[in-house]
Amino acid sequence: MSEMEKNENGEVKPLTGDFVEDTHPTMGKAQINIERTVLTLTNFKSDDGPVLELYLANDLKASKYITLGELKGLDGNYTYDLPKNINLETYKYLMVWCVDFSVSFGHAVLE
């Protein structure tokens with residue numbers, strides 16, 4: 001497991017980020033729990049596309065990525081189980097990725 005960011009008291013804190021749009025309107029909040037096992041999307045909204053997956057990526061081009069699977073929905077709150085041993089310092093970009101067109105609809109930086 002990667003080095004976990006800690007607060008001023010030395011406690012591990014959740015990773016969070018707000019979605020911003022890239023090629024399509026995308027919004028909401030992403031949070032990864034302290035144990036680094038669950039990703040939660042809150043007030044999430046995005047446009048529909050042919051095949052949309054949720055990626056954890058190393059950059060905004062998704063040069064290297066880990067897919068969390070197809071989006072569970074386009075409007076609401078959703079949870080995703082995370083694979084074990086992801087380096088979240090390397091894979092800190094959470095992206096709504098359109099597989100057919102290789103473009104990001106929107107992303108959040110997890111910090």
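Q: What makes β5 and β8 a pair, and in which sense do they run?
A: In this predicted model, six bridges join β5 to β8, and the two strands run antiparallel. At least two bridges are needed for two strands to pair, and with six of them β5 and β8 are therefore counted as paired. One position on this ladder is Leu 56, which stands opposite Leu 94 in β8.

Q: How many bridges support the pairing of β5 and β6?
A: Strand β5, residues 52-57, is joined to β6 by four bridges in the antiparallel sense. The requirement is at least two bridges, so β5 and β6 also qualify as a pair. Along this pairing, Glu 53 has Glu 70 of β6 as its bridge partner.

Q: Why are β2 and β6 said to stand at the edges of the sheet?
A: The open sheet consists of five strands in the order β2-β9-β8-β5-β6, with antiparallel pairing. Both β2 (20-21) and β6 (65-70) have a single partner strand, so each has one side without a neighbour in the sheet.

Q: What makes β1 and β3 a pair of strands?
A: The two strands run antiparallel and are joined by four bridges. Since at least two suffice, the pairing is established. Within it, Thr 16 is placed opposite Gln 31 of β3.

Q: Which face of β1 is covered, and which is uncovered?
A: In β1, residues 15-18, the covered face holds Leu 15 and Gly 17, whereas Thr 16 and Asp 18 form the uncovered one. In a regular strand, side chains alternate between the two faces of the sheet.

Q: Why is β5 described as mostly covered?
A: Six of its six residues are buried. Leu 52, Leu 54 and Leu 56 point one way from β5, while Glu 53, Tyr 55 and Ala 57 point the other way; all are buried.

Q: Which residues touch the most other members of the largest nonpolar core?
A: This core has 24 residues, and the ones with the most contacts to other members are Leu 39, Leu 41, Leu 54, Leu 56 and Leu 94. Two or more residues each come from β3 (26-32), β4 (38-46), β5, β7 (75-81), β8 (93-98) and β9 (103-109). Apart from this core lies another, of six residues, including Tyr 55, Ala 57, Tyr 93 and Met 95. In soluble globular proteins, nonpolar side chains tend to be buried together.

Q: Why does His 107 count as buried?
A: His 107 has 9% relative accessibility. Buried means under 20%, so His 107 falls in that class. His 107 lies in strand β9, and its side chain makes a polar contact of 2.9 Å with that of Asp 22. Beyond its neighbours within four places in sequence, His 107 is in contact with residues including Asp 18, Phe 19, Leu 60 and Tyr 93.

Q: What makes the interaction of Asp 18 and Lys 29 a salt bridge?
A: The N to O distance between the two side chains is 2.9 Å. The limit is 4 Å, so the pair meets the rule. The count by this rule comes to one salt bridge. It links distant parts of the chain, with Asp 18 in strand β1 and Lys 29 in strand β3, 11 residues apart.

Q: Why do Asp 18 and Lys 29 count as partly exposed?
A: Asp 18 has 48% relative accessibility and Lys 29 has 35%. The partly exposed class lies between 20% and 50%, so both Asp 18 and Lys 29 belong to it.

Q: How do you know that Glu 53 has no salt bridge?
A: The nearest side chain of opposite charge, Lys 72, is 13 Å away. A salt bridge requires 4 Å, so Glu 53, although buried, has none. The side chain of Glu 53 does make a polar contact of 2.5 Å with that of Thr 67.

Q: Why is Ala 62 called buried, and why is Asn 85 called exposed?
A: Ala 62 has 9% relative accessibility, which is under 20%, so Ala 62 is buried. Asn 85 has 63%, which is over 50%, so Asn 85 is exposed. Ala 62 is placed in the loop between β5 and β6, and Asn 85 in the loop between β7 and β8. Neither is a glycine, yet phi is positive, at about 55° for Ala 62 and about 65° for Asn 85.

How values were computed
Residues are numbered from 1 along each chain as its sequence is written. This is a predicted model: local features need pLDDT of at least 70, side-chain atom pairs count only at pLDDT 80 or more; totals for chains, interfaces and linings use all residues. Side-chain values use heavy atoms; hydrogens and water are left out. A nonpolar core is a set of buried Ala, Val, Leu, Ile, Met, Phe, Trp, Tyr and Cys residues joined through side-chain atoms within 4.5 Å. Buried means under 20% relative accessible area, exposed over 50%, partly exposed in between (1.4 Å probe, protein chains only). A polar contact is a pair of N or O atoms within 3.5 Å; within protein, one must be able to donate a hydrogen and the other to accept it, and residues adjacent in sequence count only if both atoms are side-chain atoms. Contact means heavy atoms within 4.5 Å. Lys and Arg count as positive and Asp and Glu as negative; His and the chain ends are not counted.
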